[in-house]
Amino acid sequence: MPAFDDTAARLRACRLCRDSPLFGPPLPQEPRPIVQGSATARLCIASQAPGTRAHRTGQPFTDPSGVRLRSWLGLDEARFYDAARVAIVPMGSCFPGLDAKGGDRPPRRECAERWRAELFAGLPALELILVIGQYAQGWHLGKMEGGLTGTVRRWREILSEPRRPLVLPLPHPSWRNNGWLKREPWFEAELLPVLRAEVGRVMAG
């Protein structure tokens, strides 16, 4: 079993999407792979890709999305960034650049195909994976009918499936999803209390 720290160190030195891209043009800026975790982590946040602020700081979720996500989870910054208990493994470990409308591009496919299986092999203690957004949901759950909304609506079914670690789908906490959150009030009323309870259980173990 590969050690998570060794895999993460090699990932942080990776320049595949800039020097030898397999899917589309090279990464438009210097790669800065960002990942967090350790072999003892029990909670994993399977996210999309670092944003502009994370790219600058080298730390994931250092933006309003991170503030909202930590609120959803009921975690303060100290516990959220405790790599001994919380792994953060994005689908693409580098900021993918901006599209023509100023939004983040999709995560680079090279990253997940090269590194994801090895990273998770180094996380044997995981009890719960939070899959954030359609890319992480596609990787961990396979193709689901109804897109992101349909997948998150089936959260009870997905969470109750007999697998270890457990998996719980979430929307991205970006401000761009404010409209989605208003249209789907069940998310905050029904899913968030269970999410906080599950995170609290895992973190207390």
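Buried means under 20% relative accessible area, and partly exposed lies between that cut-off and 50%. The model used in these exercises is predicted.

**Exercise 1. Serine 174**

Decide whether serine 174 is buried or exposed, then place it and list its contacts.

*Solution.*
- Step 1: The relative accessibility of serine 174 is 11%, so serine 174 counts as buried.
- Step 2: Serine 174 sits in the loop between β4 and α10.
- Step 3: Setting aside neighbours within four places in sequence, serine 174 contacts Ser65 and Arg68.

**Exercise 2. The largest nonpolar core**

Find how many residues the largest nonpolar core has and which of them have the most contacts inside it. Then trace the elements that supply it.

*Solution.*
- Step 1: The largest nonpolar core holds 30 residues. Ile45, Leu130, Phe187 and Leu195 have the most contacts inside it.
- Step 2: Two or more residues of this core come from each of β1 (43-46), α4 (64-73), β2 (86-88), β3 (128-132), α9 (155-159), β4 (166-170), α10 (178-183) and α11 (186-204).
- Step 3: The largest share, eight residues, belongs to α11.
- Step 4: Take isoleucine 45. Beyond four places in sequence, isoleucine 45 touches Phe61, Leu69, Leu73, Phe80, Val86, Ala87, Ile88, Val89, Leu130 and Ile132.
- Step 5: Another core, of 24 residues, lies apart from the largest one. Val35, Val89, Cys111 and Ile158 are among its residues.
- Background: In soluble globular proteins, nonpolar side chains tend to be buried together.

**Exercise 3. The buried side of α1**

Which residues of helix α1 are buried, and what do they pack against?

*Solution.*
- Step 1: Helix α1 spans residues 4-12, and its buried residues are Phe4, Thr7, Ala8 and Leu11.
- Step 2: These residues cover an arc of only 100° around the axis, so they lie on the same side of α1.
- Step 3: Recall helix geometry. An α-helix has 3.6 residues a turn, so residues three or four places apart point the same way.
- Step 4: The partner of the buried residues of α1 is α6 (109-121).
- Step 5: Look just ahead of the helix. Alanine 3 is in the segment before α1. Its relative accessibility is 38%, so alanine 3 counts as partly exposed.

**Exercise 4. Packing of α4 on α11**

Work out how the axes of α4 and α11 are arranged and which residues meet.

*Solution.*
- Step 1: The two axes, of α4 and α11, come within 7 Å and cross at roughly 75°.
- Step 2: Angles of 65 to 115 degrees count as roughly perpendicular. The crossing angle therefore makes α4 roughly perpendicular to α11.
- Step 3: From α4, Ser71, Trp72 and Leu73 take part; from α11, Phe187, Leu192, Leu195, Arg196 and Val199.
- Step 4: Sort the residues of this contact by type: six are nonpolar, one is polar and one is charged.

**Exercise 5. Backbone exceptions**

Where is a cis peptide bond found, and which residue other than glycine has a positive phi?

*Solution.*
- Step 1: Start from the usual case. Most residues other than glycine have a negative phi, and most peptide bonds are trans.
- Step 2: Arginine 164 and proline 165 are joined by a cis peptide bond, with omega about 0°. Proline 165 lies in the loop between α9 and β4.
- Step 3: Phenylalanine 61 has a positive phi, near 60°.
- Step 4: Phenylalanine 61 is found in the loop between α3 (52-57) and α4. Because its relative accessibility is 11%, phenylalanine 61 counts as buried.

**Exercise 6. Leucine 128 and methionine 144**

Classify leucine 128 and methionine 144 as buried or partly exposed, and give the contacts of each.

*Solution.*
- Step 1: Leucine 128 lies in strand β3. Its relative accessibility is 0%, so leucine 128 counts as buried.
- Step 2: Outside four places in sequence, leucine 128 contacts Arg42, Leu43, Cys44, Leu159, Pro165, Leu166, Val167, Leu168, Glu198, Val199 and Val202.
- Step 3: Leucine 128 and arginine 164 are 36 residues apart in sequence, and their C-alpha atoms are 7.7 Å apart.
- Step 4: Methionine 144 lies in the loop between α7 (133-141) and α8 (147-153). With a relative accessible area of 24%, methionine 144 is partly exposed.
- Step 5: Not counting residues up to four places away, methionine 144 touches Thr151, Arg154 and Ile158. From methionine 144 to arginine 154, the C-alpha distance is 9.8 Å.

How values were computed
Residues numbered from 1 in each chain as written. Predicted model: local features only at pLDDT ≥ 70, side-chain atom pairs only at ≥ 80, totals over all residues. Heavy atoms only, no water. Core = buried A, V, L, I, M, F, W, Y, C linked by side-chain atoms within 4.5 Å. Buried < 20%, exposed > 50% of the residue type's maximum accessible area, 1.4 Å probe, protein only. Helix = DSSP H or I, 4+ residues; strand = E, 2+ residues; numbered from the N terminus. Contact = heavy atoms within 4.5 Å. Arc of directions from axis to C-beta. Axes fitted to C-alpha atoms, helices over the stretch in contact; angles between N-to-C directions. Parallel < 35°, antiparallel > 145°, perpendicular 65-115°, else oblique. Nonpolar A, V, L, I, M, F, W, Y, C, P; charged D, E, K, R; others polar.
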